[in-house]
Amino acid sequence: MTETIVVVGTGVAGATAAQTLRKEGFAGRVVLIGEEAALPYRRPVLSKDLLAGSITDEKAQLEPAGYWTDHDIELRTETRVVELDPERHRLRLWDNEIVDYDAVILATGARARHLEHDAGDRVLSLRTAENVAPLRAAIAAHRSLLVVGAGLIGCEVASTARELGAEVTVLESAPSPLARIVPPAVARMYVGLHAEHDVPVHTGVALHSLTGSDDGVHAVAEDGRAWTAGSALVAVGSVPDTALARAAGLTVGDGIVVDESYRTSAAGVYAAGDVTEQPNPVLGGRHRTENWNSARAQGIAVAKSVLGQPLGAAEVPWGWTNQYGHNLQFAGWSRHDDDYVVRGSIEDRDFTALALRGDRLVGAIALGRPKDIRVVRRLVAASAPIDRAALADESVALDDVAGRGAAVPASL
């Protein structure tokens with residue numbers, strides 16, 4: 001049994017790993033280190049409830065402030081790890097303090113991607129809790145917002161800002177919003193949903209410039225189109241924070257490369273969450289996920305791996321987005337260009353779009369049908385051939401669409 005386990009990163013993967021170590025009976029030293037000033041919190045609320053002001057910072061926290069001390073977890077906020085030495089099993093902190101470890105878990109997450117434009121103080125980002133107050137203040141002061149990027153964060157902020165009374169315009173470089181995760185028909189539905197709330201979504205926008213001045217921000221596309229607003233949010237995705245791992249000589253691809261037990265290329269060094277590139281247990285190959293539920297599941301799994309415990313069933317990722325009161329859920333590894341079978345009606349906003357590659361179900365997107373998402377996760381985990389005719393027939397329960405003889409787990 002290791003004596004000191006250090007977790008680098010206080011996001012949900014890191015915080016959950018620290019919690020799981022204690023829940024599974026580890027009695028040694030647990031150190032949880034993060035750069036943010038805030039106590040561990042639920043990141044999905046940033047673009048929704050917290051930005052809207054419908055919950056407080058305290059309500060957004062994963063646990064009450066006293067939890068970490070009560071469970072003998074050394075939580076060190078506003079602390080940056082500047083060096084990882086896998087050979088000597090030690091970390092160096094920003095103030096040159098040395099922390100020795102028996103095992104270390106890297107859960108450094110991802111950082112917001114930025115545009116290469118000189119935009120000034122009126123152009124904001126939203127990745128951490130400290131970004132919320134400036135964005136809310138800008139919305140209140142200027143009453144108009146330009147959102148650059150129509151992914152999950154951009155669309156959610158557009159919805160929240162509109163509900164706060166701001167005029168909102170969304171710009172997206174891809175041909176459609178939410179382009180990474182939804183098929184074109186669902187993307188068109190979301191364009192319509194935003195339009196109903198007087199939020200135009202302009203797609204295919206290649207920005208030439210994004211500049212700020214005392215009277216607002218100005219965006220100009222390469223084709224000459226131009227937009228202005230009081231302030232802007234840049235929400236063009238994120239990049240895994242692999243700097244510490246790279247400097248330590250760990251193998252890094254599209255994230256820190258780990259095996260099925262979350263072990264990196266260095267002995268005693270593990271990684272979990274948005275920063276990892278891991279084997280895909282269902283489709284083969286490797287993948288990196290960026291959603292809350294997967295990061296939490298990986299935090300549990302990596303802690304068990306460090307302790308030498310079985311990890312349980314493979315995780316089939318899932319997540320959600322809330323926009324204008326509509327809750328869209330997605331599961332698996334669906335892409336916009338998959339072969340989709342739709343149950344229900346996309347136009348009526350009551351549907352499940354099931355993604356197929358060949359005769360295999362790889363994921364789904366559902367609006368108003370959360371039970372379907374739970375079933376889909378089981379079917380994807382089973383990796384069983386799917387009867388397409390049965391999949392398209394709503395009189396056949398989703399539980400019954402797998403090919404004959406397929407072993408479908410009862411739960412995940």
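Two aromatic rings count as a pair here if their centres lie within 6.5 Å. Keep that cut-off in mind. What we have is a predicted model, and the whole structure holds 2 aromatic pairs.

Take Tyr67 and Trp68. Their ring centres are 4.9 Å apart. Their planes stand at 80°, and over 60 counts as edge-to-face, so this pair is edge-to-face. Are these two residues buried or exposed? Both Tyr67 and Trp68 are buried.

Now the other pair, Trp318 with Trp320. The centres are 6.0 Å apart, and the planes make an angle of 40°. That pair is tilted. What about exposure? Trp318 has a relative accessible area of 24%, so it is partly exposed, since that class begins where buried, under 20%, ends. Trp320 has 25% relative accessibility and counts as partly exposed too.

Next, the start of the chain. Look at strand S1, residues 4-8, and strand S2, residues 29-33. S1 and S2 pair in the parallel sense, over 5 bridges. One place to find this on screen is Thr4, which stands opposite Arg29 in S2. Which helix belongs with these strands? Helix H1, residues 12-23. S1, H1 and S2 together make a β-α-β unit, and the unit is right-handed.

Stay with S2. S2 also pairs with strand S3, residues 73-76. That pairing is parallel as well, with 4 bridges. Here Leu32 stands opposite Leu75 in S3. How many of the residues of S2 are buried? The count is 4 of 5, so to speak of S2 as mostly covered is fair, with buried meaning under 20% relative accessible area.

Let's move along the chain to another sheet. This one is open, and 4 strands form it. The order is S18-S19-S21-S22, with mixed pairing. Which strands stand at the edges? They are S18, residues 252-253, and S22, residues 286-287. Each has a single partner strand, so one side of each is left without a neighbour in the sheet. S22 runs antiparallel to S21, and 2 bridges join them. Within that pairing, Gln278 stands opposite His287 in S22.

S21 brings us to the empty space. Strand S21, residues 276-279, gives two or more residues to the lining of the second largest pocket. So much for the strand; helix H9, residues 292-306, and helix H10 do likewise. The largest share comes from H9, with 8 residues. How many residues line this pocket? There are 34, and the ones nearest its centre are Ala297, Ala313, Ala314, Glu315 and Arg377. The volume is about 730 Å³. By class, the lining divides into 16 nonpolar, 10 polar and 8 charged residues.

Last stop, the enclosed space. The search of the whole structure finds 1 cavity of 30 Å³ or more. What is the volume of the largest cavity? About 40 Å³. H10, residues 370-382, comes up again: H10 and strand S27, residues 360-367, each supply at least two residues of the cavity lining. The lining residues are Val282, Arg360, Leu361, Leu379, Val380, Ser383, Ala384 and Ile386. By class, that is 6 nonpolar, 1 polar and 1 charged.

To recap, H10 contributes to the linings of both spaces, the second largest pocket and the largest cavity. And S2 pairs with S1 and with S3. Thanks, and over to you.

Definitions and conventions: Residues are numbered from 1 along each chain as its sequence is written. This is a predicted model: local features need pLDDT of at least 70, side-chain atom pairs count only at pLDDT 80 or more; totals for chains, interfaces and linings use all residues. Side-chain values use heavy atoms; hydrogens and water are left out. Buried means under 20% relative accessible area, exposed over 50%, partly exposed in between (1.4 Å probe, protein chains only). Two strands pair if DSSP finds at least two bridges between them. A crossover is right-handed if, with the strands pointing away from the viewer, the path from the first strand over the helix to the second runs clockwise. On a 1 Å grid over the protein atoms alone, a cavity is a set of points where a 1.4 Å probe fits but cannot get out, and a pocket is an open set with protein on both sides within 12 Å along at least five of seven lines; lining residues have an atom within 4 Å of a point. Grid points are joined across faces, edges and corners, and a volume is the space filled by probe spheres set on the points. Ala, Val, Leu, Ile, Met, Phe, Trp, Tyr, Cys and Pro count as nonpolar, Asp, Glu, Lys and Arg as charged, and the others, Gly among them, as polar. Rings of Phe, Tyr and Trp (its six-membered ring) pair if their centres lie within 6.5 Å; planes under 30 degrees apart count as stacked, over 60 as edge-to-face and the rest as tilted.
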